Amino acid sequence: MAVLKVKFTKTKRDKLAQILWILNWVSVVSGAILFSLGLFLKIEIRKRSEVMAKGDVNSVPNMLISVGVIACIINFLGGKICYDCTDINKFNRWKLVMLPYIVCTFCFTFCILVGGIMCYTMRNELEESLYLGLRDAIKFYKDTDIPGRCFLKKTIDALQIRFQCCGNNGFRDWFEVQWVSVRYLDMASRDVLDRLKSNVDGKFLVDGVPFSCCNPNSPRPCIQYQLTNNSAHYNYDFLTEELNIWIKGCREALLDYYTDIMRSIGITVLIIWCFELSVLTGVRYLQTAMSNVLLLGDPQSDSEGWLLENSFVETAKYNISVIKNLGKANQISSVSGINDPNMNVQTVNYGQETVPTKSIPTT
């Protein structure tokens, strides 16, 4: 029994074909939107690539870009097919193409759904990439005279000012790294020498942060050095007073920024997926209705269209049996009686062989 059977008159078939022709062109625009969203996300990720570890963070934008290009091509072809379906003679050119086209479009529509879901599952990969990238960038913050790292100080400072953040997880991350280059340390100072000697790795560690961590909204002048030393500042208590530097870590700030972008993109992609699925449903009805017109032989007659010719269970069983038969066809049977035909060739007995044996010459 056919699933969701609908009866179409000649007028209804023509109107359905015309509507689907328009919707396919709208789908071309939606494909361009998918491409633009993927390109935008790729550019935004590349802007912060210096503070990201190498990974699969580009999988989502690459997926959206690919799906967008394919959407434009498939829906352009679909528009041409639907336009020709208003004429039964033109439909004859597409009747063998429409079913494979519908199957390919269904797989493509599934890819759109996967792309939309990936926008919501990318957070963990992005968080790990940001954590490792920011950790290394802060570690090399001081290396302003080393090629390949000299840009990191400017990058981190601009990042902390732009996103109002400090450090990787928080401002305390700066306490654990030497972020002041040796070139700017006074080696004649006893305090500097004591700090270098007191550290096992010989690093100059201070309880301070770069200037870019300062919060300009604070009424108090920025305190970026000796943050944990209450006696170093007037009327200051490290444990109770709110600091005038950014509290949020840059990993969290960037993660929130990209999460908002991907959430918006994900909603848009899912809306496009619903639209593409509705267009595909209409094309399926049109294909079955036009095929039945050809079987009836009267272009003006009414015809029935459906989503599936048989029930879901019967269709699933049929597809499973087809896959099993394909698998069996590729196997080499070892059952008795199904051997290589060349192995069963009958031999004829010509009697005792009379061909003389060639003697081996002696030396």
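Reader: Which cysteine does C214 pair with in a disulfide?
Author: C214 is joined to C222, with an S to S distance of 1.8 Å. Here a disulfide is a pair of cysteine sulfur atoms within 2.5 Å. Keep in mind that this is a predicted model: local features need pLDDT of at least 70, side-chain atom pairs count only at pLDDT 80 or more, and totals for chains, interfaces and linings use all residues. Residues are numbered from 1 along each chain as its sequence is written, and side-chain values use heavy atoms, with hydrogens and water left out.

Reader: OK, and what's a disulfide in chemistry terms?
Author: It's a covalent bond between the sulfur atoms of two cysteines.

Reader: Is the C214 and C222 one left-handed or right-handed?
Author: Left-handed, because the torsion about the S-S bond of C214 and C222 is about -75°.

Reader: And is C214 buried or exposed?
Author: C214 is buried, at a relative accessible area of 16%. Buried means under 20% relative accessible area, exposed means over 50%, and partly exposed is in between (1.4 Å probe, protein chains only). C222 has 34%, so it counts as partly exposed.

Reader: How many disulfides are there by this rule?
Author: The count comes to 3.

Reader: Cool, what does C165 bond to?
Author: C165 goes with C250, S to S 2.1 Å. Those two are 85 residues apart and link distant parts of the chain: C165 sits in the loop between α6 (152-163) and α7 (190-198), while C250 belongs to helix α8 (residues 250-296). Helices (H or I, at least four residues) and strands (E, at least two) are DSSP runs, numbered from the N terminus.

Reader: How buried are they?
Author: C165 has 0% relative accessibility, so it's buried. C250 is buried as well, at 2%.

Reader: Which cysteine is joined to C166?
Author: That's C213, again by a disulfide, with S to S 2.1 Å. C166 is in the loop between α6 and α7 and C213 in the loop between α7 and α8, so the pair ties together parts 47 residues apart in sequence. Both C166 and C213 are buried. Their S-S torsion is about 85°, so this disulfide is right-handed.

Reader: What pattern do the disulfides follow?
Author: Counting bonded cysteines along the chain, the pattern is 1-6, 2-3, 4-5.

Reader: New topic: where's the nearest cysteine sulfur to C82?
Author: It belongs to C85, 5.8 Å away, and C82 is in no disulfide. C82 is buried, with a relative accessible area of 1%.

Reader: And C119, buried or exposed?
Author: C119 is buried, at 4% relative accessible area.
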